[in-house]
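Work through the exercises below with the model open. Try each task before you read its solution.

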Amino acid sequence: MRVESGGDEPSSQLLDHWGRVAADLRLSVTDRCNLRCSYCLPEDADSWIPRQDLLTPAEIGRLTQVALSLGIRKVRLTGGEPLLRPDLAEIIHQIHQAFMQAGMPADIALTTNAIGLASRLDSLIAAGLGRINISLDTLDPERYFALAKRNRFPEVATALDKLPGSVLKPIKLNSVILDQQSLEEIPELVRFALRRDFQWRAIEFMPIGPLGDSAATRPHARDILARLQECFSLTPIETDPAAPARRWNVAAGSDHPAGIIGVIASESAPFCATCDRTRLSADGKVYSCLFSLSFVDLLTPLRQGASNDELAQLWLTAQAAKPAGHREIAGAGRRTYSLSQIGG
Ligand code: SAM
């Protein structure tokens, strides 16, 4: 859904050859992560964006100005793990300034594993953060270690205890459903989220990353929904066609309040036909699709003094080439390595 702005309509929009218009910018701020989730980032990962190529907060502010002039209305920060950037509050501040200069309501969101979030939450909110998604696949510390290969669950738990008192709205808890054990843990995750007024969302496994080839054998959205229906009374919510999640109202139960849950069925019901996203990597490359390896570089022209108009033209060209759907990207042009490279 497009958020109406108080500013002028953009002179050009990020239109692709299939008639879709991008309004949602996914901005990766690093490709590094402090976890090694077996399905996301291999333990032996050793190729990283050189630090001097990471966009600075000021450069991110500039590119946000360009994006807003092209019709972007919301920005989500992702990675890698965004909290690994010590200057994350300054990045958010620069993005917020760009919204203010454009006369638009700021819509800035963060996707994070929440490690170290508790102590930084106030400064991120003061800088302009409005929404947050926490990625957490299990509430069991032992399974967390087995999946993420790092013993950081206590830090996540501290952040999850602090979040309900914050002004961030909505707060979403995203869990990738990997296997039978994930399916079994669904009721506990849902109750945990409802009690904290978080929206829980199940993410279907996507064929990307070290275990990408196993996607076909992993639980599908229908298995997730069946498990949810066993335990909760659900009423479907009419959903914005561009939104990735199908959503349901959950009725209150004896041990949890009412709330909202969602299922993101990227594989069994891809939402490519209404995808309104454009992606910028931590080193300033525009990717029009999560699964595409083709990009247009904005970092080099930016550092060589290109004007906002010149950068906008490059971004328009990149987005015009957005593939119809991720299933259409095959062979060497398809990203297989990890979502953390581009920003999941
Ligand atoms: N570090 C941040 C976080 O944990 O939210 C942002 C980046 S992380 C790559 C974003 C999300 O992608 C996480 O929820 C992760 O579980 C998910 N992800 C990674 N590989 C996936 C796959 N093959 N299928 C579905 N989700 C995946």
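The exercises cover the ligand site, one helix and some backbone angles.

The model is predicted: local features need pLDDT of at least 70, side-chain atom pairs count only at pLDDT 80 or more, and totals for chains, interfaces and linings use all residues. Residues are numbered from 1 along each chain as its sequence is written, and side-chain values use heavy atoms, with hydrogens and water left out.

**Exercise 1. The ligand shell**

Find the residues that surround the ligand, and sort them by class.

Step 1. Take each residue with a heavy atom within 4 Å of the ligand. This gives 18 residues, and the closest are Tyr39, Gly80, Glu81, Ser135 and Met206.

Step 2. Sort by class, with Gly counted as polar. The shell has seven nonpolar, nine polar and two charged residues.

Step 3. Look for polar contacts (pairs of N or O atoms within 3.5 Å). A backbone N or O atom of Gly80 is 2.9 Å from a ligand nitrogen. A side-chain N or O atom of Glu81 also lies 2.9 Å from a nitrogen atom of the ligand. For Ile208, a backbone N or O atom is 3.1 Å from a ligand nitrogen.

Step 4. Check the cover, using Shrake-Rupley areas with a 1.4 Å probe. On its own the ligand has 550 Å² of accessible area, and the protein covers 93% of this.

**Exercise 2. Helix 2**

Test the length of helix 2, then locate its buried face.

Step 1. Helices are DSSP runs (H or I, at least four residues). Helix 2 holds 14 residues, 88-101. The expected span is 1.5 Å times one less than the number of residues. That predicts 20 Å, and the end C-alpha atoms are 20 Å apart, so the two agree.

Step 2. List the buried residues (under 20% relative accessible area; exposed is over 50%, partly exposed in between; 1.4 Å probe, protein chains only). They are Leu88, Ile91, Ile92, Ile95, Ala98 and Phe99.

Step 3. Seen down the axis, these residues fall within an arc of 115°, so they line one face of helix 2.

**Exercise 3. Backbone angles**

Where do Ala114 and Lys149 lie, and which peptide bond is cis?

Step 1. Recall that most residues other than glycine have a negative phi, and most peptide bonds are trans.

Step 2. Ala114 has a positive phi near 75°. It lies in the loop between strand 5 and helix 3. Ala114 is buried, at 0%. The side chain of Thr112 reaches the backbone nitrogen of Ala114 at 2.9 Å.

Step 3. Lys149 has a positive phi of about 60°. Its loop runs between helix 4 and helix 5. At 33%, Lys149 is partly exposed.

Step 4. The cis bond joins Lys169 and Pro170, with omega about -10°.

Methods:
Polar contact = N/O pair within 3.5 Å; in protein donor to acceptor, adjacent residues only side chain to side chain. Helix = DSSP H or I, 4+ residues; strand = E, 2+ residues; numbered from the N terminus. Arc of directions from axis to C-beta.
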